[in-house]
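Trainee: I'd like a close look at one part of this protein, with the rest of the chain brought in afterwards as background. Could you walk me through it?

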Amino acid sequence: MITSNRNPFKIFFQYLVLASFLVLGSGSQQTSESKPDDALDKRVKELLSKMTLEEKIGQLNQLSNPYQQTGTGVMTAREEKFDEMVANGEIGSFLNVLGVDETMRLQKIAVEKSRLGIPLIFGYDVIHGYKTMFPVPLAEAASFDRALMQKSARIAAIESAANGLHWTFAPMVDISRDPRWGRIMEGAGEDVYLGQEAAIARVHGFQGDKLSDANSIAACAKHFAAYGAAIGGRDYNSADMSERMLREVYLPPFKAAVDAGVATFMSSFNTVNGIPASGNRWLQTDILRGEWGFDGFVVSDWNSLGEMIYHGNVESNYDIGYRGVDAGIDMDMEGRIYVQHVKQLLDDKKIIISQIDEMVSRILLIKFRLGLFDNPFQYCDKQKEKELTMHPDHLIASRDVAKKSIVLLKNENKTLPVSKKVKSIAVIGPLANDKDAPLGNWRGSSTPNSAVSLLEGIREAAGNKIEVLYAEGCKLVLNTEQNFFTQLQYNTTDRSGFAEAIATAKKADVVIMALGETAYMSGECRSYADISLKGLQPELLREIKKTGKPVILTLFNGRPMVITDVVEHADAILNCWLLGSQSGNAIADVLFGDYNPSGKLPASFPYHVGQIPVYYEQMNSGRPYDPNPSGFSSKYRDIPNAPLFAFGFGLSYTSFSYSKLALSSAKISLNESLTIKATITNTGDYSGEEVVQLYIRDVAGNGVSRPLLQLKGFEKIMIEKGESKEVSFKIQPKDLAFYRLDKKFAPEAGKFEVFVGTSSDNLALKGSFELVD
Ligand code: NOJ
């Protein structure tokens, strides 16, 4: 039974305090979009005053299309009479209902047949595209290009809105430092600053100029919170960490999303320090609404309310209902907890009606902001659906984003770019002609097998001047079809294709191999303890290398992989992630030098799985790394401390040199900013883009230990061959804030070191300044 002693009158008082806090302002910056809007508030209140309790509870209820589930199936749902329920006002939102026809049909029932005509809000996982697929978000983060991330989200929104959707369950802004976790593919990787920048870009992209525009959709920052810190990298597992770690690493991208005006939040499945996130009032109300001033609504994850039973946290669904309401979870996704228990909880006076009113109001407010009351059918336009879905411009953009997301990891003897003068190329490997893998997991409503394969891209680029040979070599998985629910079976024994692959390699001037992961090896519930190349792939690579031909490895992956044993068997390595619809064309652009690779790793590639969690933002420890084997320093005895490829690493076909670090001042006060300038020169043979990275070290945190390096800025610039460019960064004291000993998130006077360079492990320029009171 419920054990809390939070009595309803206390709750009422706390609500008053919170409400006045919100009115007075929380100090967070908000876009005009999320500022309290009096006219809409009035409309919400008016509508609320007309609603019955049943209608209010209906607004809290979100159900999935039972034929397209993205979670554990409640198959009895197929017997539910959705049309009737909508007409009775028992459902406020659907997920996984797609397309103008079906959304229009249901919306008509809601608007025309339900008593108050409250429109439905249709949500869907539009993670990296609706039908035109873009690179998976982790890949896209490798572009270190804010405008590009915003653009792909914009296009995803345009296609989604044209297909009847109002709301995406994205961006996922979970930091992850554990590549075993399959959902690392859905975020921006390991770093706080990059995570914040990606969150902002994506929220702006999805939501456009105004939520009420017909091509804008509401974004959803998920999964609140610490979902990416699942212990052992095992999906759904508990997260346990200090409040400092939570506030400094895992929360900032969520805060950035709030400041960018994100309309909704999703709570996570996991427990955070022993308390399920979906029943966690401290997170969902005190921090999110109280400290940050978020005024949108929070949806649970798929039955994450119901799952609290398994956490050993509550005994019954009735208790869960109480916890969910108390925490501030407004909408129950597929849990059916609120519909079953809210009334009883009210009758029993465990909760009070003003709590439910607040929850409903927050949902209605977003529906109003989306313009659904003024024009419930503005997203239902057959003509637009036809014209905008996979519009040719979207495919061009997808190719552009894809080529800019590729990371060059190795390029010995200038193997790349491949000269267009070669006579023949062998394309080899189980993923070489795979048209499905590049679509990635969480692929919206894209058509299976619709991506441009590597082989197709190379053939297209090679034209009739270069002979392109192909051999699969071996299968990676034995399943003929894969989808969200497939249990994969790996090929570990069938080498029957090896001989043909070797013969094919021997006939060619250069070999391009395609190895890695298929689409469904990363994503939800795709955690792996072993993240090296699966099956016979390493063996195939070694055999091909023995032919003596130059070998270029194109690696497909939704996560950083352990490729330590593989690197020496390839002359060049391009990390190609899962790049979306235009994958093969984008990779060909890079292979032939039509585009000079500029991507940088958004997450470290471990040297060994035993290093995980692996990330650059390390503390020094009291016994800093010392290569002397007899020293008692913080290190592994059997492997290096450093990852194989560090955060921010990525080569180019050209080379860049860094010089002239200049700081505008040696001292700044708490109300001043600092300008940091550096000059970058393209010293190589190609024009190209460089991601210039700025890191800072807070030398002493006044009682709190600080990391050795923290990314605080990046700029991606194009520099022509032989040219130099100056890059300028602005640092404000708030950028130096941390969770101090006095529990304030604020900057503190002291000394700082500044580093500018090409990756977290290669920082050519160093300076220092002081922050003074
Ligand atoms: C579960 C996932 O964790 C979440 O990210 C997703 O949005 C929902 N299912 C809905 O598909």
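What covers the buried residues of α12?

Mentor: Keep in mind that this is a predicted model. The cover over the buried residues of α12 includes α11, α13 (337-347) and α14 (353-369). Helix α12 itself runs over residues 317-327, and 10 of its 11 residues are buried, so "mostly covered" is a fair description, with buried meaning under 20% relative accessible area. Going along the helix, the buried set is Y318, D319, I320, G321, Y322, R323, G324, V325, D326 and A327. As for how such a list maps onto a helix, an α-helix has 3.6 residues a turn, so residues three or four places apart point the same way. Right after α12 comes G328, with a positive phi near 105 degrees.

Now take α11, one of the covering helices. Helix α11 spans residues 281-291 and is mostly covered too, with 8 of its 11 residues buried. Those are R281, L283, Q284, T285, I287, L288, R289 and G290. Just after α11 there is again a glycine with a positive phi: G293, at about 75 degrees.

For another buried spot, go to R559, in the loop between β15 (551-556) and β16 (572-575). R559 counts as buried because its relative accessibility is 0%, under the 20% cut-off. The R559 side chain has polar partners: one is the side chain of E517, in a polar contact of 2.6 Å. Another is the backbone oxygen of R180, which lies 3.2 Å from a polar atom of the R559 side chain.

Next, the charged pairs. Side chains of opposite charge can pair when their charged atoms come close. Searching the whole structure turns up 46 salt bridges. One of them joins the side chains of E456 and K435, at 2.8 Å from N to O. That pair ties together distant parts of the chain, 21 residues apart: E456 is in helix α17 (residues 454-462), while K435 is in the loop between β12 (424-428) and α17. Both ends are partly exposed, with E456 at 33% relative accessible area and K435 at 26%.

Two further bridges are worth a look. K210 and D213 meet through their side chains at 3.4 Å, N to O; K210 is partly exposed at 44% relative accessibility, and D213 is partly exposed at 24%. E472 and K475 form a bridge at 3.1 Å, N to O, where E472 is partly exposed at 28% and K475 is partly exposed at 39%. There is also a network of salt bridges, linking D125, R183, E186, K222 and E524.

Finally, the whole protein as background. The protein has 20 helices and 26 strands, and of its 773 residues, 63% count as buried. Its radius of gyration is 26 Å, which agrees with the value near 28 Å for a compact globule with 773 residues. Along the principal axes, the C-alpha trace spans about 80 × 60 × 45 Å. Among contacts with a separation of 6 or more, 79% come from residues 24 or more positions apart. The accessible surface comes to about 28,900 Å², and carbon and sulfur atoms account for 51% of that.

Methods
Residues numbered from 1 in each chain as written. Predicted model: local features only at pLDDT ≥ 70, side-chain atom pairs only at ≥ 80, totals over all residues. Heavy atoms only, no water. Buried < 20%, exposed > 50% of the residue type's maximum accessible area, 1.4 Å probe, protein only. Helix = DSSP H or I, 4+ residues; strand = E, 2+ residues; numbered from the N terminus. Salt bridge = Lys/Arg side-chain N within 4 Å of Asp/Glu carboxyl O. Contact = heavy atoms within 4.5 Å. Polar contact = N/O pair within 3.5 Å; in protein donor to acceptor, adjacent residues only side chain to side chain. Rg over C-alpha atoms; globule rule 2.2 N^0.38 Å. Areas by Shrake-Rupley, 256 points an atom, 1.4 Å probe, with all protein chains shown as cover.
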